Amino acid sequence: MSNVIAAGGRHRAVPTTRSAVTPVTRPAPSPPSSALSADGPGAGSQPPRRPGLLRRLVSLLLSLLMVVSMVAFLFLAIGPHVLGYRTSTMLTGSMEPDISPGDVVVTAPRPAADIKVGDVISYQIPIEDHRVETHRITEVDRAADGTISIRTKGDANPNVDPWTAVLEEDTVWEVQAVVPEVGHVIRAMRSPVVHHVVKWVAVGGLILLGLTSIWGRSNDDEDETVDA
């Protein structure tokens with residue numbers, strides 16, 4: 001649109017200048033958090049709750065106890081029947097420093113004809129209570145009739161054992177491995193006091209494990225209720 005100005009009988013149109021108007025684009029308002037679509041990643045959900053420190057510690061201790069118990073059961077109860085070895089606990093220090101009191105001695109069968117001086121075997125002594133002794137062979141005597149007699153000595157003992165043992169079996173039990181300190185645990189577990197303590201600790205652990213499982217399910221139910 002132009003303004004008309006009369007000048008000398010003529011009309012002249014004077015254009016009117018208009019400034020260009022730039023449209024302002026406003027950002028669309030973000031929807032409230034309650035109106036977010038459930039299809040979006042993580043929409044309407046809360047971060048999962050981590051189990052408490054006590055719960056994780058109890059779970060770790062129970063798992064460790066189960067693993068140790070299983071290994072001990074396989075080693076002491078199943079292994080001798082399946083693999084054919086024997087286990088015994090050293091009660092004296094006669095074989096120190098190689099075998100100390102409380103160590104578990106693992107023995108395996110070996111033909112009696114193959115034994116030699118220096119081998120460490122477990123055998124029944126021919127005197128007194130015929131207890132099983134684990135000593136080193138110091139002398140081997142093979143008679144013409146095939147009878148084998150041995151003399152033994154404990155590494156820590158000053159003298160040779162005061163007997164001569166005749167091997168009546170075709171095999172002897174030679175020491176193959178030594179497990180330190182396990183015998184103390186086995187002997188302690190066999191005592192009545194420790195037996196009852198372990199039993200009640202196991203019962204208490206099972207109860208605590210059940211309670212932690214119930215608490216975990218309760219927390220999960222609460223989370224689901226909040227999400228809903």
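Of the 228 residues in the protein chain of this predicted model, 21% count as buried, a word that here stands for a relative accessible area under 20%. The surface that the chain exposes comes to about 16,900 Å², and 61% of that area is supplied by carbon and sulfur atoms.

Following the chain from its N terminus, one meets three helices and nine strands, in the order β-β-α-β-β-β-β-β-β-β-α-α. If one takes the contacts between residues at least 6 apart in sequence, 49% of them join residues at least 24 apart.

Before looking at single elements, it helps to ask how confident the predictor is. The mean pLDDT of the protein chain is 76, and 62% of the residues reach 70 or more. Confidence is lowest in strand S1, residues 2-7, where the mean is 46, whereas strand S7, residues 148-153, has the highest, at 96. Over residues 33-43 the pLDDT lies below 50, and this stretch has three contacts in the model beyond near neighbours in sequence. Residues 1-9 likewise stay under 50, although the model gives them 15 contacts beyond four places in sequence.

The helix to look at next is H1, which covers residues 53-83 and so has 31 residues, with 42 Å between its first C-alpha and its last, close to the 45 Å expected at 1.5 Å a residue. Where does H1 bend? The bend, of about 40°, is at Ala77, and a proline, Pro80, follows within four residues. The buried residues of H1 are Val58, Leu62 and Gly79. In an α-helix there are 3.6 residues to a turn, so residues three or four places apart point the same way. Just after H1 comes Gly84, which takes a positive phi of about 85°.

From here one can turn to the strands, and in particular to S4, which spans residues 104-111 and is mostly covered, since six of its eight residues are buried. Which strands pair with S4? One of them is S3, residues 86-89, which pairs with S4 in the antiparallel sense over four bridges, and within this pairing Thr87 stands opposite Val106 of S4. Another is S9, residues 171-179, which also runs antiparallel to S4 and is joined to it by eight bridges; here Pro109 stands opposite Trp173 in S9. Strand S4 thus has antiparallel pairings both with S3 and with S9.

How values were computed
Residues numbered from 1 in each chain as written. Predicted model: local features only at pLDDT ≥ 70, side-chain atom pairs only at ≥ 80, totals over all residues. Heavy atoms only, no water. Helix = DSSP H or I, 4+ residues; strand = E, 2+ residues; numbered from the N terminus. Buried < 20%, exposed > 50% of the residue type's maximum accessible area, 1.4 Å probe, protein only. Contact = heavy atoms within 4.5 Å. Areas by Shrake-Rupley, 256 points an atom, 1.4 Å probe, with all protein chains shown as cover. Bend = angle between axes of the 7 residues up to and from the residue. pLDDT = per-residue confidence, 0-100. Pairing = 2+ DSSP bridges.
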